[in-house]
Amino acid sequence: MTIGVAKLVVALFFVTSHLRLHCIFGFTPTSSPLLNHRSPSSLILRTSVGSKCSSIRRTFLNSFIFFQLLTSPVKAAFAVNTADTSSKSQTSTLGATAASSSAETGKCPENTASHRVLVIGANGQTGSRVIRLLHNDPQQVYKPIAMIRDASQASEFDKIGVPWIVGDLDAPSTPTVEDFEGIHTVIFAAGAGRSRPPLKKVTIDYLSAVRSVVASQESNSVKRFILLSGINSDPMGTRRSVDATDLSGPLSAWHRLKAHSETYLKESHLHGRPLDWIILCPGRLVDDENGKPGTSLIKVSLIHGEDDLKDALTTEEKKAAVRSLPGSHDGKVERLCVSRDNVAETLVGLLSAPNTIGKSITLVDGILPVNKALASI
């Protein structure tokens, strides 16, 4: 009882002193280490200096807190511990329900130790393969997040437990920096395709690619950006060789768009936070024969342009990469090709190949395993 009375006297003295200082100087002292100690916001009043009445209320409240700390240190410590435990419990719950939450809201989980990879164009033929490879990796080093056009495309990702976000690249404000927060690497594998109108190619293959780079730069988490482009892309059209004079062709406009998006990515450090960028330029994309998986054997090079690369290939490499395609869209029968499976596997391989950062890499089917081929660049 005597100790309790003594504490009450000390607290009343504290209140009286605070009120006296407030009346004389018009402020409430806040330099006390007890008032500035680190504890939950429920124990510390963090308001700006306002009216005289609010200052007096703050004085009484601070005094009350001081009294509570004197008389109930165990209670205060318990409150801090309870708040921390509650916070950890909520975080744990978020992690446990991340997959179901993402299926309902389109948001990706917030608390994973894995390296998060956002695949833009995840519903496409190449993007969907990248998602499956990352998701099926037994080591789970990388956590795939799918960006899809609308929620109606989410069922396939829900089935395998891959989180997704909605990002309609046709929209003028997509993607946004909010889409990229918490993401470590972005793989831009989106494309308008041949069947869509030319202006859609401008929107998706160029404008959306640039917006994705900008959003990555504005985010606090994205470090690497991987852009999927094409073997013959050039600002002037379809360039199969450095010496080519005719750059026209059915894909000339598309190759220009891809080249412009490549240029922006390469020069993005001039406009914002630098990114570790990689550009992958595959040859003619082909479906894997009879549903068989890709060979996982590739050829990569820094030579850009289909004809120039063909001249540099060995006989064995040509045999693996060249395919005769009667009725080819640009009139050329022999093309340097690469299966979509091999493209997807190479995109995944780039994640663990830091030597490829800052390079534009041409890809065709070849004779070396993916990791070994990438290590040679």
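## A buried arginine and its partner

Let's start with a single side chain: Arg129 has a relative accessibility of 16%, so this residue counts as buried, the cut-off being under 20%. It has company of opposite charge, for Arg129 forms a salt bridge with Asp341, with 2.6 Å between the closest N and O atoms. The two partners come from distant parts of the chain: Arg129 sits in helix α5 and Asp341 in helix α12, 212 residues apart.

Helix α5 covers residues 125-136 and lies across four strands, namely β1 (115-120), β2 (142-148), β4 (185-188) and β5 (224-228). Relative to β2, helix α5 runs at about 150°.

## The model as a whole

Now a step back. This is a predicted model, and its protein chain holds 13 helices and twelve strands. Of the 377 residues in the chain, 44% are buried. Contacts that reach far along the sequence are well represented: taking those between residues at least 6 apart, 71% join residues at least 24 apart.

## The nine-stranded sheet

Nine strands make up an open sheet with mixed pairing, and their order is β3-β2-β1-β4-β5-β6-β11-β8-β12. The edges are held by β3 (164-166) and β12 (368-369); each has a single partner strand, so one side of each has no neighbour in the sheet. As general background, strands of a sheet pair through backbone hydrogen bonds, in either a parallel or an antiparallel sense.

Further in, strand β8 (residues 297-301) pairs with β11 in the antiparallel sense, over four bridges. If you would like a residue pair to look for, Ser301 has Thr362 in β11 as its bridge partner.

## Asp365, at the end of a strand

Strand β11 spans residues 359-365, and Asp365 belongs to it. Is Asp365 buried or exposed? With a relative accessibility of 6%, Asp365 is buried. A polar atom of the Asp365 side chain lies 3.3 Å from the backbone nitrogen of Ser339.

Leaving aside residues up to four places away in sequence, Asp365 touches a varied set of neighbours, including Leu297, Ile298 and Lys299, along with Glu317, Arg323, Cys337, Val338 and Ser339.

## The three-stranded sheet

Ser339 leads us to another sheet, since strand β10 covers residues 334-339. Here three strands form an open sheet in the order β7-β10-β9, again with mixed pairing. At its edges stand β7 (284-286) and β9 (322-324), each with a single partner strand, so one side of each is left without a neighbour in the sheet. On average, neighbouring strands in this sheet are turned by 60° against each other when direction is ignored.

The pairing of β7 with β10 is parallel and runs over three bridges, with Arg284 standing opposite Cys337 in β10. Helix α12 (residues 340-350) packs on this sheet, where it touches β7 and β10, and its direction makes about 55° with that of β10.

## More salt bridges

In general terms, side chains of opposite charge can pair when their charged atoms come close. How many salt bridges are counted here? The total is ten.

Helix α12 takes part again through Arg340, which forms a salt bridge with Asp287, the closest N and O atoms being 2.6 Å apart. Arg340 lies in helix α12 and Asp287 in the loop between β7 and β8, so this pair ties together parts that are 53 residues apart in sequence. Arg340 is buried at 14% relative accessibility, whereas Asp287 is partly exposed at 48%.

Another salt bridge joins Asp170 to Lys200, with 3.8 Å between the closest N and O atoms. Asp170 is in the loop between β3 and α7 (177-180) and Lys200 in helix α8 (residues 198-218), so the pair connects parts that are 30 residues apart in sequence. Both partners are partly exposed, Asp170 with a relative accessible area of 24% and Lys200 at 29%. Asp170 and Lys200 also belong to a salt-bridge network that includes Arg196.

## Two helices side by side

Helix α8 has a helical neighbour too: its axis and that of helix α9 (residues 252-266) come within 9 Å and cross at roughly 10°. Such an angle is under 35 degrees, so α8 counts as roughly parallel to α9.

Among the residues making this contact are Val202, Tyr206, Ala209, Val210 and Val213 of α8, together with Trp254, Leu257, Ser261, Tyr264 and Leu265 of α9.

Technical notes
Residues numbered from 1 in each chain as written. Predicted model: local features only at pLDDT ≥ 70, side-chain atom pairs only at ≥ 80, totals over all residues. Heavy atoms only, no water. Buried < 20%, exposed > 50% of the residue type's maximum accessible area, 1.4 Å probe, protein only. Polar contact = N/O pair within 3.5 Å; in protein donor to acceptor, adjacent residues only side chain to side chain. Contact = heavy atoms within 4.5 Å. Pairing = 2+ DSSP bridges. Axes fitted to C-alpha atoms, helices over the stretch in contact; angles between N-to-C directions. Salt bridge = Lys/Arg side-chain N within 4 Å of Asp/Glu carboxyl O. Parallel < 35°, antiparallel > 145°, perpendicular 65-115°, else oblique.
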